[in-house]
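Work through the exercises below with the sequence and the model at hand. Each task is followed by its solution.

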Amino acid sequence: MSPLQLSVYWRLSLVFFFTSFLFFLDIFTAAVAATNCHQGNASNQSRPGDVSDSDAGRRSHGGSGDSVCGWTHWLRYGQTVFMVGLLLGSLVGGALSDRYGKRPLLLACVCVHAVCGIVPAIFPHPQLFLAVRCLTGVCSCCINVCSFSLAVEWTSPAARLWPTAFLPFCFSLGMMGGAPLAWLSPTWRQLHLALALPQLICLPLYLSIPESPRWLMLLRRMDVLDRYRSNSQADEQCLAMLLDATWSDLQKASEAREQQSPGCPASCDIIHLRHPTVLLRLSIMSYLSTASALTYFGICMNVGSFGVSVYSAHFFSGLSEAPCLLVPLVRLGRRPISMLALFLSGAACFLSLLLSRCHGDPVLVMGSALLGKLCILAATFIATLYSIELFPTVVRQRCVSLVNLCFRIGCLVNTLVPPNPNGAISLAAMLVYSSGPIIGCGLCLLLPETSGVPLPDSVEDCNKQPRPNPPSLGTL
């Protein structure tokens, strides 16, 4: 591994580690408000202790109206606004990174992301808090887009499964690290400072992240590529391998475009999208993406409703995702492992539902739900690669973008699901979380196996991919 590759990997791992701090901030702000603010008839009063001290500081900036305990009802919208920001980021992140480069956009979003963590600590106003949460969502999505692109494009084609597993692993470590930090921060101001200051301290480290060699090659920035080559002999060899793979991919894409009918404009893409094969695959992958988002974030955002401390639950929620690092070692093929992960996720969520209705032990209820979350995360990880391999080159980017858009819509819809009056996940929501993956498992039977098969350049290549064979009596 070359020095430039190491520089990319460990710096991006830090970025993902800290991104998780503000990703689940709404869980902790609700816990702080519930602990430090009276509910019911005295909902606008604060308890003595740390909160009263912090409220005194806030009043010095703008009067008692700025007290967090005076607008705790606004906090319930923070998660929804954050998901709206993620949706907006998914719409503009890819275009901005293609136009201005992945590195500049990543650096800008990381800086804004860190500042967004500080602002609510200094100016605790409800409207400003919601605006900052929306901006944080936009930055989080752009960071995700740029980081995955940089990690994959700095990795050899034979090992590109590992970055998409390693970065979520770092995100799960951040969830585990953020939980004790939040637990040690009993007030509003301390919570935001504890989660934002480490990001500000590490900002200078990100300046050494190199740009994507693929993007530099497309823009003919040979001066930058020559500077990267001069770092070391290992970097020169690494860049030669990456640029050869990039050139090969560009040639294949160009040949696929030339096979289109002459004079065929962008409407040809619409024609390809309407093809029954592409339309079926797009519908299935869009459903899987939406169902995965509902199940994953439905459990993540309600992890404190299983009868366990919200901080302990969040820590174990991150711990439950760590085994996804081992997914690239599984050699079952895309379709079998997707079906297995989806079925286990639905079964685990359904078991959690049964245990909760039978008044089972809260640890068992939470453990079953977290097992379902682990499996749906593994299915999401496989689906990311599966989507790339299912669609032809001429419409691949459009199809993958539509699938990602469905994931963000699923995230947003999940925030609109009302909880039970006692704060637990509703019966209808838990049924959706368990049945969605199981239905998706059945839909995977209609998809081909793409592992070890060249990427399709046209619809004809898609039809040549191995089709699923129904089980026969002889195989049984």
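The exercises cover cysteines, aromatic rings and a surface patch.

This is a predicted model, in which local features need pLDDT of at least 70, side-chain atom pairs count only at pLDDT 80 or more, and totals for chains, interfaces and linings use all residues. Residues are numbered from 1 along each chain as its sequence is written, and side-chain values use heavy atoms, with hydrogens and water left out.

**Exercise 1. Cysteines**

Find the disulfide and describe its geometry and place.

Solution.
1. Apply the criterion: a disulfide is a pair of cysteine sulfur atoms within 2.5 Å. The count by this rule is one.
2. The partners are cysteine 37 and cysteine 69, with sulfur atoms 1.9 Å apart. The angle about the S-S bond is -75°, and the link is left-handed.
3. Cysteine 37 sits in the loop between α2 (25-36) and α3 (50-62) and cysteine 69 in the loop between α3 and α4, so the pair ties together parts that are 32 residues apart in sequence. Helices here are DSSP runs (H or I, at least four residues), numbered from the N terminus.
4. Cysteine 37 and cysteine 69 are both buried, where buried means under 20% relative accessible area, exposed over 50% and partly exposed in between (1.4 Å probe, protein chains only).
5. Cysteine 116 is in no disulfide, and the nearest cysteine sulfur, that of cysteine 139, is 5.3 Å away. Cysteine 116 is buried at 6% relative accessible area.
6. Cysteine 141 is also in no disulfide; the nearest cysteine sulfur belongs to cysteine 142, 5.9 Å away. Cysteine 141 has 2% relative accessibility and counts as buried.

**Exercise 2. Aromatic pairs**

Classify the pair of phenylalanine 28 and tyrosine 311, then the pair of tyrosine 296 and phenylalanine 297.

Solution.
1. Rings of Phe, Tyr and Trp (its six-membered ring) pair if their centres lie within 6.5 Å; planes under 30 degrees apart are stacked, over 60 edge-to-face, the rest tilted. The structure holds 17 such pairs.
2. Phenylalanine 28 and tyrosine 311 are 5.9 Å centre to centre with 5° between the planes, hence stacked. Phenylalanine 28 is in helix α2 and tyrosine 311 in helix α14 (residues 310-321), so the pair ties together parts that are 283 residues apart in sequence.
3. Tyrosine 296 and phenylalanine 297 are edge-to-face, at 5.0 Å and 90°.
4. Tyrosine 296 and phenylalanine 297 also belong to a cluster linked by ring pairs, with Phe23, Phe24, Phe82, Phe171 and Phe407.

Definitions and conventions. Helices (H or I, at least four residues) and strands (E, at least two) are DSSP runs, numbered from the N terminus.
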